[in-house]
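Biologist: Hi! Could you walk me through the hollow spaces in this protein? I'm new to this, so plain words please.

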Amino acid sequence: MATEELGTREECLACRLNADPSGAPGGRIKNYVHWFLEHIIEPVPITGWLILKTKRHTEGITGLNREEAAELGEILERVPKIQQALLRAEKIYVCCFTEWVSHLHLHLIPQPAEEKYRGPKAFDLQQAVEEGEQKPAPSKEVEKFVEQLRQKLLDAFRSKEKAT
């Protein structure tokens with residue numbers, strides 16, 4: 001498995017976005033030790049669709065080192081719960097395919113009860129929005145969610161600090 005430091009693969013979309021997160025609506029949500037959390041780039045298929053990606057270029061889940069894997073567990077224990085509460089989502093899907101973008105990234109996709117694109121078909125919604133067949137999520141709604149999530153994560157971090 002290929003591994004490289006932050007932003008060193010010019011041909012890798014995730015590396016480019018790691019180096020310049022301005023393409024993510026609302027900017028970077030959280031800068032973890034080994035991971036970046038951001039909203040999916042525009043056009044946004046659904047408010048709250050998050051992308052969690054490694055800082056270093058690694059291809060696939062088997063390329064994680066022990067520290068990255070441990071931090072991933074901590075992130076997945078917290079972020080989907082906050083995401084679900086903020087969005088009142090029925091479920092949060094966590095997907096990792098690394099087919100079109102080989103850099104390890106996970107999709108954290110909220111599933112509202114009324115959404116017709118369920119399971120893997122969530123990616124059909126993404127394609128429909130990209131092709132103009134469906135409207136993208138409103139920018140202001142996405143930015144509001146990003147700010148709320150950022151604040152909730154900050155509050156959770158402060159609570160954890162006080163407890164230790």
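Modeller: Happy to! Let's begin with the largest cavity, which is lined by Ile46, Trp49, Ile109, Pro110, Gln111, Glu115, Tyr117, Ala122 and Leu125. Keep in mind that this is a predicted model.

Biologist: Okay! How much space lies in the largest cavity?

Modeller: About 30 Å³. A search of the whole structure, counting cavities of 30 Å³ or more, finds one.

Biologist: Which element gives the largest share of the lining of that cavity?

Modeller: That would be β7, with three residues. Both β7 and α3 supply at least two residues each.

Biologist: And how does the lining of the largest cavity divide by class?

Modeller: There are seven nonpolar residues, one polar and one charged.

Biologist: Let's switch to pockets. How much space is in the largest pocket?

Modeller: The largest pocket holds about 560 Å³ of space. It is lined by 24 residues, and those closest to its centre are Ile40, Val101, His105, His107 and Gln126.

Biologist: Which elements give two or more residues to that lining?

Modeller: They are α1 (13-19), β3 (35-39), β4 (50-54), β7 (105-111) and α3 (122-130). The largest share comes from α3, which gives five residues.

Biologist: How many of the lining residues there are nonpolar, polar or charged?

Modeller: The lining of the largest pocket has 12 nonpolar, six polar and six charged residues.

Biologist: What about the second largest pocket, what is its volume?

Modeller: The volume of the second largest pocket is about 460 Å³. Of its 23 lining residues, Ile46, Thr47, Pro112, Ala137 and Glu141 are the closest to the centre.

Biologist: Ile46 sounds familiar!

Modeller: Good memory! Ile46 is also one of the residues that line the largest cavity.

Biologist: Which helix gives the most to the lining of the second largest pocket?

Modeller: Helix α4 does, with four residues. The elements giving two or more are α2 (66-87) and α4 (139-163). By class, this lining has 13 nonpolar, three polar and seven charged residues.

Biologist: New topic: where is glutamine 83?

Modeller: Glutamine 83 sits in helix α2.

Biologist: Is glutamine 83 buried or exposed?

Modeller: Glutamine 83 counts as buried, because its relative accessibility is 0% and the cut-off for buried is under 20%.

Biologist: So what is glutamine 83 in contact with?

Modeller: Leaving aside neighbours within four places in sequence, glutamine 83 is in contact with Gly48, Leu50, Ile92, Leu108, Ile109, Pro110 and Phe145. Among them, Ile109 and Pro110 also line the largest cavity.

Biologist: Thanks, that helps a lot!

Technical notes: Residues are numbered from 1 along each chain as its sequence is written. This is a predicted model: local features need pLDDT of at least 70, side-chain atom pairs count only at pLDDT 80 or more; totals for chains, interfaces and linings use all residues. Side-chain values use heavy atoms; hydrogens and water are left out. On a 1 Å grid over the protein atoms alone, a cavity is a set of points where a 1.4 Å probe fits but cannot get out, and a pocket is an open set with protein on both sides within 12 Å along at least five of seven lines; lining residues have an atom within 4 Å of a point. Grid points are joined across faces, edges and corners, and a volume is the space filled by probe spheres set on the points. Ala, Val, Leu, Ile, Met, Phe, Trp, Tyr, Cys and Pro count as nonpolar, Asp, Glu, Lys and Arg as charged, and the others, Gly among them, as polar. Buried means under 20% relative accessible area, exposed over 50%, partly exposed in between (1.4 Å probe, protein chains only). Contact means heavy atoms within 4.5 Å.
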